[in-house]
Amino acid sequence: MSTKIGELAKDYESKATKNITELPEVSTELEVFDDQFETTDKITKQTKVVKQKVVSVDGVNYRVPSSVLQQLKIVLEDNPNLKKFKVKKSGTMMETRYQVIPLV
């Protein structure tokens, strides 16, 4: 059975983990899971295992950076009943910064 490449491309969905910043809002009730994947180090060319925390929304995994968890902890200390928040990202690569924004 064959498929035209154009049809296949239209139906293609990446299985790569997305970033929590791609969600318009995040519930504080979402479960966090440990996840890992193998990659090749660009400098040493060695295979390494990358561990990460993820949440799943509608079957799609979103990475939760440690700095987001740290900030959310501080927000929840002052607002323990917070139900939703969003995360903004600035910078790139090693200079990436995340900002947790409480939602009402």
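The exercises below, each with a worked solution, deal with a predicted model of a protein chain.

Residues are numbered from 1 along each chain as its sequence is written. In this predicted model local features need pLDDT of at least 70 and side-chain atom pairs count only at pLDDT 80 or more, whereas totals for chains, interfaces and linings use all residues, and side-chain values use heavy atoms, with hydrogens and water left out.

**Exercise 1. Describe the order of helices and strands in the protein chain, and state how spread out the chain is.**

Begin with the elements, which are DSSP runs numbered from the N terminus (helices are H or I with at least four residues, strands are E with at least two). There are 2 helices and 7 strands, and along the sequence they follow the pattern α-β-β-β-β-β-α-β-β. Next, take the radius of gyration over C-alpha atoms and set it against the globule rule, 2.2 Å times the number of residues to the power 0.38. The radius of gyration is 17 Å, well over the 13 Å that the rule gives for 104 residues, so the protein chain is more spread out than a compact globule. Finally, the C-alpha trace spans about 55 × 35 × 25 Å along its principal axes.

**Exercise 2. Place lysine 45 and methionine 93 in the chain, and decide whether each is buried or exposed.**

First locate the residues: lysine 45 is in the loop between strand 3 and strand 4, while methionine 93 is in the loop between strand 6 and strand 7 (97-103). Then examine phi, which is near 65° for lysine 45, a positive value in a residue other than glycine, and near 50° for methionine 93, again a positive value in a residue other than glycine. For the last step, buried means under 20% relative accessible area, exposed over 50%, and partly exposed in between (1.4 Å probe, protein chains only). Lysine 45 is exposed because its relative accessible area is 59%, and methionine 93 counts as exposed because its relative accessibility is 71%.

**Exercise 3. Locate asparagine 79 and classify its accessibility.**

Asparagine 79 is found in the loop between helix 2 (66-78) and strand 6 (84-90). With the same cut-offs, asparagine 79 counts as partly exposed because its relative accessibility is 32%. To complete the picture, the C-alpha atoms of asparagine 79 and proline 102 are separated by 9.0 Å, although these residues are 23 residues apart along the chain.
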